[in-house]
Amino acid sequence: MTLLLQVSVAQAQKFTVSGNITDAANGEELIAATIRVQGKAMGVISNNYGFYSLTLDKGDYTLIFRYVGYEDIAKTITLNQNIKLDIELKGKAKEFEEVVIKGNKLDKEVENKKINVVKMDIETIKQIPVVFGEVDVLKTITFLPGIQSAGEGNAGINVRGGAQDQNLILLDEAPVYNASHMLGFFSVFNGDAIKDLEVYKGGIPAKYGGRLSSLIDIRMKDGNKKKFAGTGGIGLISSRLTLEGPIKKDKASFMVAGRRSYADIFLPLAPNDEIKENKLYFYDLNMKANYIMGDKDKLFVSGYFGRDVFKFTELFGLDWGNATATARWNHVFSQKLFSNITFIFSDFRYQFSFDISDEQNLSVTQGITDWSLKADMANYYSPKSKVEFGASIIHHTFNPGLIEPLKPTSIFKKFQYSERRAIESAAYVDHEYKVHTRLKLRYGLRLSSFNNLGSAPEYKYTRDEKGRPTPIDTITYKKNEWYNTYGGLEPRMALSYSISKEVSLKASYDRTYQYVQQAANSTSTLPTDQWIPANINIKPQVGDQVALGYFHNFKYDIETSVEVYYKTMQNQIDYRDGAILFFNEQMDAELLIGKGWSYGLELFVKKSGKKFNGFLSYTLAKTQRKVNGINGNKAYAAQNDRRHNISLVGTYQLSKRVALSGTFVLLSGQPVTFPGRRYGYDGKIVPHYDGRNNYRMPTYHRADIGVNIDTKKKKRYESSWNFSIYNLYARENAYTITFSTRKIIVDGKQVDTKEPQAEQVALFKIIPSVTWNFKF
């Protein structure tokens, strides 16, 4: 009897093996590496800091450590006590015969596919041809289903019918409020500084909140802990340089990445004096350092600073930019309990100015600033169960406008519109549980709240049937006085059922609250849309989304998926007709509130192989809004409603040194408000608008090609040439369409025929590019 009891106790004993998984070449933590127990249907995935924890019964095991593009490692352990096991994985040799096949081995595990989640390898992104040859992570993900570009010459994206401000874009956990360079032609993310990119189109984990449509989580490189290294490139529009290396080998490292465009350098060579005085350039700087304090503690400090400058002689100027800073402390309390404490700063501001004369000149500065603190904990209870919980608090400051004269003789006086402040806070719990070998479940709950802080005045209004406001009261609060609290529960859930190793079904539901939003002017491509908080007139946006997915992998390395979704959006804002957009402290009066909904079908087919890799994506979707006071109180197409979206992307390894790439995209035209009729009044022709977004721009399509040629590797450095052609067949896609009357020449004089005509402006035709890239 005693012997049986001893055996039972021994069998019940459990121990934990935990550690960090890193790249053997540079010490970078590997995110989402898999750790599997050989011969058993159990395993775990490393977190965003490369940490893993696996609890098993006492015994002997062989663990398989695996990461895409790296060689597998098998470790045999005797688990009779808690073990710390750090693993370094080696990247696969880039031999022509095995470039891709083994690298996609992980993709065959269809059970690991997450519904609503997109993950792209940075090296793959660098091969895809883009405008001016400038690598752009945001523009590249628009080739994937459910994600579409906001338009040519616009760095914004729309996800499943959501507006641009409904995307939570994080750079090392810091929110980026404006992700565009060069008036929207490029994004602010330098591909050489980025380690990982993950996009959630729905089913967002409970630890994230504050936006309705998507989470775009971008992580910067930590810096090479093994040796000093550098990468860079010289292109037609900009050049870049990234330096990284150990501060103390295997203990601390740094990374610095800089980029600058130089169109302005050549402007002084122009023959026209006015052009010589113009300015148009951008620059950005990424910095990061980390320090391993011991077996249980790590510190990370990172930052970003970027700026755009546009100046048209002395008459007009516009500049804008982001600044972020993140400080993180990782602590391992035990083999099962991991924590991350993060302090975050984020600032976006823009300034426009004009200088017409000594009397008429001024500058206007607007922006938003955040300070936040968050704590995240993860308990790896068992291979079947992981619990995450935490809390966060954010202090928002909204600057609606600081007006300053440029000259003492200006008729304008310095004036600061009242800044608005608010506190946003949240707490969450999230549980991942493997019910059995076929069924996985993740469910969570987030409690969020939002409080306005004094002392900006609040205005109350009544509105007529057309939404025109009439002020009825003004309320003033004391400085930092809390008032007008909003809040709510945000349930999240996702499940996965594996029918077989090749087939699985997925489903998800999530509710999200958004307390800060952008009052976007649909006719503007400038970064001048104001961010405003929820207040006594504007309720927080609330979104509910349900999604279903079917994933099926076939022979010959073919992956397929079909996803459908339906999303409702409450408290959507839009400008009323005749809104006053500038120099208006009572911006709330110009906004009307309604509801929106979106639904769609997403298809995805991916082929991987030794030489050819590519995918085809198709999205069929519809997005609508209904706001009383707009469009006769009837539903209308949202500005980002694109019925069809097709993307085809392919790369072909022609030889060891030469790789070809190509893309093709086709999108339905964007909804736009055009006059449907015209009439004469007082000797003038007056346009009449039948409704909001009542027409569509022409269908957009283009093809791009590229070739990447690696030069012969030297002992200490290597380089490559990238040649690309954007818009191969010179399609003149409509950027703007304006209306005028046709004019003809009669007897040498211009005569207005009064006949209406539409004039289309195309932004780009065919654009060849060349970039020289190097590493050392």
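Two strands are said to pair if DSSP finds at least two bridges between them. The strands themselves, like the helices, are DSSP runs numbered from the N terminus (E, at least two residues, for strands; H or I, at least four residues, for helices). The structure is a predicted model, in which local features need pLDDT of at least 70 and side-chain atom pairs count only at pLDDT 80 or more, while totals for chains, interfaces and linings use all residues. Residues are numbered from 1 along each chain as its sequence is written, and side-chain values use heavy atoms, with hydrogens and water left out.

A good place to begin is strand S25. Strand S25 covers residues 361–382, and 16 of its 22 residues are buried (under 20% relative accessible area, against over 50% for exposed and in between for partly exposed; 1.4 Å probe, protein chains only). This strand is therefore largely enclosed by the rest of the structure. Strand S24 (residues 337–355) runs antiparallel to S25, and 19 bridges join the two. Five residues lie between S24 and S25 in the hairpin that they form, and Phe348 stands opposite Ile368 in S25. S25 is also joined to strand S26 (residues 385–404) by 17 bridges, again in the antiparallel sense. Here the hairpin passes through two residues, and Ala375 faces Ala391 in S26.

Another part of the model holds an open sheet of five strands with mixed pairing, in the order S9-S16-S17-S12-S13. Strands S9 (117–119) and S13 (174–175) stand at the edges with a single partner strand each, so one side of each is left without a neighbour in the sheet. S13 pairs with strand S12 (residues 167–171) in the antiparallel sense over two bridges, and Leu170 stands opposite Pro175 in S13.

Strand S17 (residues 214–220) is home to Asp217, which counts as buried at 4% relative accessibility. The side chain of Asp217 makes a polar contact with that of Arg219 at 3.2 Å; such a contact is a pair of N or O atoms within 3.5 Å, and within protein one must be able to donate a hydrogen and the other to accept it, with residues adjacent in sequence counting only if both atoms are side-chain atoms. Leaving aside residues up to four places away in sequence, Asp217 touches Asn48, Leu170, Asp196, Leu197, Glu198 and Tyr208 (contact means heavy atoms within 4.5 Å).

Finally, Ile499 lies in the loop between strand S32 (482–498) and strand S33 (503–514). With 40% relative accessibility, Ile499 counts as partly exposed.
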